[in-house]
Every structure is written in structure tokens, then in C-alpha cells.
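Trainee: Could you take me through one part of this model closely, namely the salt bridges and the sheet and core that go with them? I would rather have one connected account than a list.

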Amino acid sequence: QVQLVESGGGLVQPGGSLRLSCAASGSISSIRAMGWFRQAPGKQRELVATTISGGRTNYADSVKGRFTISRENAKNTVYLQMNSLKPEDTAVYLCNAEVMYSGRAYYTFMWGQGTQVTVSS
């Protein structure tokens, strides 16, 4: 059984910072890509940032220059450092990963349970 577990959400004032973590655990052979999405009430889920093996990253225009995604391969963990937070960043943040289970030859998309980020004064 493979799981993605997020942590680090919370309430922060505008202009503040938060760091999200997402750790994959279980019988994992490899992870190709990891990333963060978010979903605000009444809105569609949107990509925030992704990183693939080799270090290439991709960001939504709305977070470029403010958010940084990084990955610690030895721990199967991805981080999202969020700076200069704005009220419009308020959402549930979900971790996503393309995981190859041990003994399998294909990748499976997986989602974490989500962590709430609220930016408010």
C-alpha cells in the first residue's frame, strides 16, 4: 500500500510564508513526477507546481516568483515553499505523484488527502 501524506498547512497572514511537505510511503520502486495542485471552494482544481526526475520544474503563472517546489528523492518527499502569500492562495493543497509500485512496470497517479492553506488577516 502506497500513501501520500501532506503536512504544513495552516492559517497565515497576507505576506507570510508556509512550507508544505508531502511524503510517499510504502512499496515504491520509483517516482517519476511529484507536484502540488490546489482547489478553492467553487473552483476547479488547478496545478500549482510540479517537478520531475532530473530536477525540471513547472509553475502556474500565478505563483511564479513566490513559490518554490523541491524534492528530496532519498525520502520520496516533495516540498512547496510558499512566500508572499495572498488571500487568493487560500485553498486545499493536494500532493500528486506518479508512482511505480514495487513489482509493477507502469506508473500510477496518486493523490494525497489535502491540507488546508488559509491566507487571511
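Mentor: What follows starts with the charged pairs and then moves to the sheet and the nonpolar core.

Please keep in mind throughout that this is a predicted model. The count of salt bridges comes to 6, and one of them joins Arg32 to Glu98, whose closest N and O atoms are 2.8 Å apart. This pair links distant parts of the chain, since Arg32 belongs to strand 4 (residues 28–39) and Glu98 to strand 9 (residues 91–101), with their positions 66 residues apart in the numbering. The two partners can be set side by side in their surroundings: Arg32 is partly exposed, at 39% relative accessibility, whereas Glu98 has a relative accessible area of 13% and is buried, because the cut-off for buried is under 20%.

A salt bridge is also formed by the side chains of Arg38 and Asp89, at 3.0 Å from N to O. Here again distant parts of the chain are linked, with Arg38 in strand 4 and Asp89 in the loop between strand 8 (77–82) and strand 9, 51 residues apart. Arg38 is buried at 6% relative accessibility, and Asp89 is buried with a relative accessible area of 1%; both values therefore fall under the 20% cut-off. This pair does not stand by itself, as Arg38 and Asp89 are linked with Glu46 and Arg66 in a network of salt bridges.

The salt bridge between Glu72 and Lys75 has its closest N and O atoms 3.8 Å apart. Glu72 counts as partly exposed, with 29% relative accessibility, while Lys75, at 52%, counts as exposed.

Turning to the sheet, 4 strands form an open, antiparallel arrangement in the order 1-3-8-7. Strand 1 (3–7) and strand 7 (67–72) stand at its edges, and each has a single partner strand, so one side of each is left without a neighbour in the sheet. Neighbouring strands of this sheet are turned against each other by 15 degrees on average, with direction ignored. At one end of the order, strand 1 and strand 3 (residues 18–25) run antiparallel and are joined by 5 bridges; Gln3, for example, has Ser25 in strand 3 as its bridge partner.

At the other edge, strand 7 holds Ile69, which is buried with a relative accessible area of 5%. Ile69 lies 34 residues from Gly35 in sequence, and their C-alpha atoms are 7.8 Å apart in space. Beyond residues up to four places away in sequence, the contacts of Ile69 include Met34, Gly35 and Trp36, as well as Ala49, Tyr59, Val78 and Leu80.

The largest nonpolar core has 31 residues, and those that touch the most other members are Trp36, Val48, Phe67, Leu80, Met82 and Tyr93. At least two residues of this core come from each of strand 3, strand 4, strand 5 (46–52), strand 7, strand 8, strand 9 and strand 11 (115–119), and the largest share, 5 residues, is that of strand 9. Phe67 brings the charged pairs and the core together: leaving aside neighbours within four places in sequence, Phe67 is in contact with Arg38 and Asp89, and also with Val48, Leu80, Met82 and Tyr93, among others.

Conventions. Residues are numbered from 1 along each chain as its sequence is written. This is a predicted model: local features need pLDDT of at least 70, side-chain atom pairs count only at pLDDT 80 or more; totals for chains, interfaces and linings use all residues. Side-chain values use heavy atoms; hydrogens and water are left out. A salt bridge is a side-chain nitrogen of Lys or Arg within 4 Å of a carboxyl oxygen of Asp or Glu. Buried means under 20% relative accessible area, exposed over 50%, partly exposed in between (1.4 Å probe, protein chains only). Two strands pair if DSSP finds at least two bridges between them. Axes are lines fitted to C-alpha atoms, for helices over the stretch in contact, and angles run from 0 to 180 degrees between N-to-C directions. Contact means heavy atoms within 4.5 Å. A nonpolar core is a set of buried Ala, Val, Leu, Ile, Met, Phe, Trp, Tyr and Cys residues joined through side-chain atoms within 4.5 Å.
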